[in-house]
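Trainee: Hi, do you have a few minutes to go through this structure with me? I'd like to start with how the helices pack.

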Amino acid sequence: MGPYRHRRSIRTEHDVVVSSPVKQISPSKAVTFLVVMVALYGRQCAAFYDAACRKTAFTSLSSSTLVGQRYQARNKCGNHFNLLARQKMLMSNRSESDPPDTTDPRKRHNCKNVAIIGGGLAGLSTAHHLLEKTNKIDQGALRVTIFDKAPVGMGGASSVAGGLVHPFSPRGKLVHMGIEAMASSSHLIDAACLEEPSCVLRKQLYRLALTDQQASDLNNTATQYPQYATWMDAAQIKQVCRIEETPSSSHVLGGLKLSNGCQVIHVPTYLKGLWNSCIHLSNGTVEWIQTKDEETNWLSSHYLEPFDCVVLSAGSGLLEDSILSHFNTTVNSGGKHEKATTLPVDLVRGQSLEMIMGSSVGGTKTPEREAMLCGKYLTPLPQTAESKQRGEERILMGSTHEYGENAFTEEEVVKEIKERSYDLAPDVWDTARVDRITSGVRVQSHRGQFGRLPMIGKINTTHTTHDNQKQTIWLFTGLSSRGLLYHGIYGDILSDAILEGSDTNILTKYPHLDWWRKPKAKKNKNNK
C-alpha cells in the first residue's frame, strides 16, 4: 500500500478524515504521500485561475498530527477542495513548539502592528493578504486594526459599487494586468464565499453591442479571448437577458457572454465575508474600530499611537476628511517634495438606482435576470424576505459620473441613467419603481499609459507619534471604476512591500506603479 501503509483515511462525498501515522515513516515515503495528497486535493476548480490554485497548503504543514480533523471538500460557493479551507484546517494543527520558517525574507520584517484607515475594497484586500502571508510564517504574529466611519460593508464608495468583475474595457480590450487581476480578486471572493455564500449573485455577465462598431469590437474580443468571452447573436442575447422585442430593442445587435472568472457580486455582502475571513485568519488579532463623525480629532488621539505601520486607504476620505494633511505626507514629484493632497486624482460622485419590479402576471415564475453592460449597467440585487414573499425583483441600475461639487438631484439621476440604459431593459423602466438612490464618491486617478491605475506605495515622510515612535506610512487609493478588478492584485503587491519594509522590490517588478510620483503633466480633457 506504499505510503498509506501506516495511515487510515475515510472519505465520503463531502468530507475527508485523515488520521496521524502510528510510527515514523521514511522521508521518501513522506514525500510520496504529500505528492499523492496534492494530486488529490491540490486543485481548487476548473476555472481560468487554476494554476494559481495549485499551490498546495501542505507546504505549510509542520506538524504531522491530523487526528480526527475534518474539512469541507466542497464549500458553499460550489468550488472544489477550496484552498483557504485547507489552509485553515492545516493551520489549526500547527504545534506551538514548531519554530517559524525564516527562509522567506518577509518573515524578518519589523512591522508587527498595522493600522489600516479605510475598510473598503483596498483596505480589506490589504488586510487579508497581510494575514494570509504572516499566517504562513506564524499565526497571530501580526496585528491589524481597521479604522472606518461605518460598519463593515456599509460605508464609502466600495459599498455601493455595481459588483461587476471582468477584465475588459467598454471596447472589449483586455485592460492592463486584467487576467492576473481577475485571478487575484477571484481568490478573495472565494475566501469571502466561505463566510458569506450569498455574496456571488451570478457566475457570468453580458456586454451588449448597440452599434456596428461595438459589434465588430466585441466579436474580436470573443476571437482573441474565447476562454472568457463568447459572442451571442441578437436573438440569443435578447432571450438570455430578457430583452423584449420593441422598436428600441432593435438596436441590440448581439453581445458577449463573459464567464470563467467574470462574475457579479453583492459588494456589501462580499465585504462582510472578507472581513470575517480576516477574523478567522488572524486568530483574534484583528479589530474593526468605527470612528464617530463628532470625533474630528481621532487621528491625533491615542488611537494610532501603538502602530508602527499605517496604510491610508480611505478613498475620498483621504482628501475630504484631511487625513493626508494630518500625516504631513509628501510625494516625490520630479525631484521636489509636494503635498500628497495634490495627488493626480479627481473626486467623482456616482449615484445608482435600486429599483423594484412587481410580481409577474399570473404569478408565473420568470427566469433570473442577468447582469448587463452597455454604457450603464443593470445588475440583480439579493432578494429580501419581503420581496420574495411578494414575488418582486430587486435591480440596481447605474451609475452617474458627477465631477461637479453639487450632487445631481433625484430627477437628474433618473434622467441620465434612463437615457443610457433604456435599451437594456425597457420592461424595467416601464414597470419598475425607484426604491432608493445610493451614492458614493470615489477617487479616480488620471489616465496614463496603462489606463487609470491606483496609487500604491510608501509615502516619503515617516510620521512620528507623540511618544516619538516612528510610523511607516503607505498609500493605497485611486482604484477608480475598476476597484473590484484591481483591489485583489494591488492589495497583494502592497502587502509584500509592507512586510519587506520597502517598496523597492515591487517597483523593480512593477515600475509603472511609480507613475503617481512622477512630474505631473498639464491636465487636459483626456484626464477626466
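Mentor: Happy to. Keep in mind that this is a predicted model. A good place to begin is H5 and H14, which are roughly perpendicular to each other.

Trainee: What angle do H5 and H14 pack at, and how far apart are their axes?

Mentor: Helix H5, residues 178–195, packs with H14 at an angle of about 85 degrees, and the axes are 7 Å apart. Angles of 65 to 115 degrees count as roughly perpendicular, so that label fits H5 and H14.

Trainee: Nice. Which residues in H5 meet H14?

Mentor: From H5 you have Gly-178, Glu-180, Ala-181, Met-182, Ser-184, Ser-185 and Leu-188. On the H14 side they meet Leu-484, Leu-485, Tyr-486, His-487, Gly-488, Ile-489 and Asp-492. By class, the contact of H5 with H14 has seven nonpolar, five polar and two charged residues.

Trainee: And H4 with H14: what are the angle and the axis distance there?

Mentor: H4 covers residues 121–135 and H14 covers residues 483–500; they pack at about 45 degrees, with axes 8 Å apart. That angle makes H4 oblique to H14.

Trainee: Is the crossing of H4 and H14 left-handed or right-handed?

Mentor: Right-handed, for H4 and H14. H4 contributes Leu-121, Ser-125, Thr-126, His-129, Leu-130, Lys-133 and Thr-134 to the contact. The H14 residues include Gly-483, Leu-484, His-487, Gly-488, Gly-491 and Asp-492, with Leu-494, Ser-495, Asp-496, Ile-498 and Leu-499 further along.

Trainee: How many nonpolar, polar and charged residues does the contact of H4 with H14 have?

Mentor: Six nonpolar, nine polar and three charged, for H4 with H14.

Trainee: Let me zoom out. How many helices and strands does the protein have?

Mentor: The secondary structure comes to 15 helices and 23 strands. The protein has 528 residues, and 53% of them are buried. Among contacts between residues at least 6 apart in sequence, 77% join residues at least 24 apart.

Trainee: Changing topic to cysteines: how many disulfides does a search of the whole structure find?

Mentor: Zero disulfides. Take Cys-199, which is in no disulfide: the nearest cysteine sulfur belongs to Cys-193 and is 3.7 Å away. A disulfide needs the sulfur atoms within 2.5 Å.

Trainee: Is Cys-199 buried or exposed? And what about Cys-374, buried or exposed?

Mentor: Cys-199 is buried, at a relative accessible area of 0%. Cys-374 is buried as well, with 8%.

Trainee: What about backbone oddities? Which residues other than glycine have a positive phi?

Mentor: Met-177 is one of them, with phi about 55 degrees. Met-177 sits in the loop between strand S6 (164–165) and H5, and counts as buried at 14% relative accessibility. Asn-283 also has a positive phi, near 60 degrees.

Trainee: Where does Asn-283 lie, and is Asn-283 buried or exposed?

Mentor: Asn-283 is in the loop between helix H8 (267–282) and strand S12 (286–290). Its relative accessibility is 54%, so Asn-283 counts as exposed.

Trainee: Why are these worth a second look?

Mentor: Because most residues other than glycine have a negative phi, and most peptide bonds are trans.

Trainee: Then which peptide bond is cis?

Mentor: The one from Gly-398 to Ser-399 is cis, with omega near -15 degrees. Ser-399 lies in the loop between strand S19 (393–398) and helix H12 (410–419).

Terms used: Residues numbered from 1 in each chain as written. Predicted model: local features only at pLDDT ≥ 70, side-chain atom pairs only at ≥ 80, totals over all residues. Heavy atoms only, no water. Axes fitted to C-alpha atoms, helices over the stretch in contact; angles between N-to-C directions. Helix = DSSP H or I, 4+ residues; strand = E, 2+ residues; numbered from the N terminus. Parallel < 35°, antiparallel > 145°, perpendicular 65-115°, else oblique. Left-handed = near helix turned anticlockwise from the far one by under 90°. Contact = heavy atoms within 4.5 Å. Nonpolar A, V, L, I, M, F, W, Y, C, P; charged D, E, K, R; others polar. Buried < 20%, exposed > 50% of the residue type's maximum accessible area, 1.4 Å probe, protein only.
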